[in-house]
Amino acid sequence: MISTPLGFTKIVGDEYGISSISILNSEEKLTDIIPVALEDCVHQLSEYFEGTRTIFDLNLTPEGTDFQKRVWDALQTIPYGKTRSYLQLSQQLGDVKAIRAVANANGKNPLWIVVPCHRVIGSDGSLTGYAGGLSRKQWLLEHESPYKQQRLF
């Protein structure tokens, strides 16, 4: 478990790869001990939040159906700082009728941030459902944006 600007993050994995990264809505017990198998993931996530990493280089071992894994692979092709709609993602996967299945697989993404489901928006440009909450999705998109929003207050 690590602390991030968006809350506490739980990382699950072993010497074969990272199987789950999730944001928690409550604080669980933090540990100062990071298993060797997770150190690189912790380091890369820290770099991401510092703004120095735009691409992750981790061995990922998520559990899911073949279709879900295809969607999660497609999510990884969305460049840092860019977005795609669910329709565009469905088209990329070769079936525009699969838009609901794509949205469902996107919602079951077990690898928060590293598999960037936050980069998927509605066809009209709206922020749509996000397991971590829309405020976190907006934060992530602003964090990745080349056009930083200035705030007065």
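The following conversation goes through pockets, a helix pair and several single residues of a predicted model.

Student: Let us begin with the pockets. What volume does the largest pocket have?

Tutor: The largest pocket of this predicted model has a volume of about 270 Å³. Its lining is made up of 18 residues, and those nearest the centre of the pocket are Gly107, Asn109, Trp112, Ala131 and Gly132.

Student: Which elements give two or more residues to that lining?

Tutor: Those elements are β3, residues 17-23, and α4, residues 99-107. The most is given by β3, which supplies four residues.

Student: And how do the lining residues divide into nonpolar, polar and charged?

Tutor: In the largest pocket, nine lining residues are nonpolar, eight are polar and one is charged.

Student: What about the second largest pocket, how much space lies in there?

Tutor: The second largest pocket holds about 170 Å³ of space. It is lined by 14 residues, and Thr54, Ile55, Phe56, Gln76 and Val114 are the closest to its centre. The lining consists of ten nonpolar, two polar and two charged residues.

Student: Now the helices. How do α2 and α4 cross?

Tutor: Helix α2 covers residues 66-75, and its axis comes within 9 Å of the axis of α4. The two axes cross at roughly 80°. Angles of 65 to 115 degrees count as roughly perpendicular, and therefore α2 and α4 are described as roughly perpendicular to each other.

Student: Which residues make the contact?

Tutor: From α2, the contact involves Phe67, Gln68, Val71, Trp72 and Leu75. From α4, it involves Ala101, Val102, Ala105 and Asn106. Seven of the residues in this contact are nonpolar, two are polar and none is charged.

Student: Let us move to single residues. Where is Gln44, and is it buried or exposed?

Tutor: Gln44 lies in helix α1, which runs over residues 36-50. Its relative accessibility is 3%, and buried means under 20%, so Gln44 counts as buried.

Student: Which residues is Gln44 in contact with, leaving aside neighbours within four places in sequence?

Tutor: Gln44 is then in contact with Arg53, Ile55, Phe56, Asp57 and Leu58. As for Thr54, it stands ten residues from Gln44 along the chain, and their C-alpha atoms are separated by 9.5 Å. Ile55 and Phe56 were also named among the residues closest to the centre of the second largest pocket.

Student: And where is His118 found?

Tutor: His118 is found in the loop between α4 and β5, the latter being residues 120-121. With a relative accessible area of 0%, His118 is buried.

Student: What does His118 touch, not counting residues up to four places away in sequence?

Tutor: His118 touches Tyr48, Ile113, Tyr130, Lys137, Leu140, Leu141 and Glu144.

Student: Ile113 is on that list. What is its phi?

Tutor: Phi of Ile113 is near 70°, which is a positive value in a residue other than glycine. Ile113 is placed in the loop between α4 and β5. Its relative accessible area is 1%, and Ile113 is buried.

Student: One more, please. Is Ser135 buried or exposed?

Tutor: Ser135 has a relative accessible area of 59%. Exposed means over 50%, so Ser135 is exposed. Its place is in helix α5, residues 134-144.

Student: How far apart are Ser135 and Leu6, in sequence and in space?

Tutor: Ser135 and Leu6 are 129 residues apart in sequence, while their C-alpha atoms are 9.4 Å apart in space.

Definitions and conventions:
Residues are numbered from 1 along each chain as its sequence is written. This is a predicted model: local features need pLDDT of at least 70, side-chain atom pairs count only at pLDDT 80 or more; totals for chains, interfaces and linings use all residues. Side-chain values use heavy atoms; hydrogens and water are left out. On a 1 Å grid over the protein atoms alone, a cavity is a set of points where a 1.4 Å probe fits but cannot get out, and a pocket is an open set with protein on both sides within 12 Å along at least five of seven lines; lining residues have an atom within 4 Å of a point. Grid points are joined across faces, edges and corners, and a volume is the space filled by probe spheres set on the points. Ala, Val, Leu, Ile, Met, Phe, Trp, Tyr, Cys and Pro count as nonpolar, Asp, Glu, Lys and Arg as charged, and the others, Gly among them, as polar. Buried means under 20% relative accessible area, exposed over 50%, partly exposed in between (1.4 Å probe, protein chains only). Contact means heavy atoms within 4.5 Å. Axes are lines fitted to C-alpha atoms, for helices over the stretch in contact, and angles run from 0 to 180 degrees between N-to-C directions. Angles under 35 degrees count as roughly parallel, over 145 as roughly antiparallel, 65 to 115 as roughly perpendicular and the rest as oblique.
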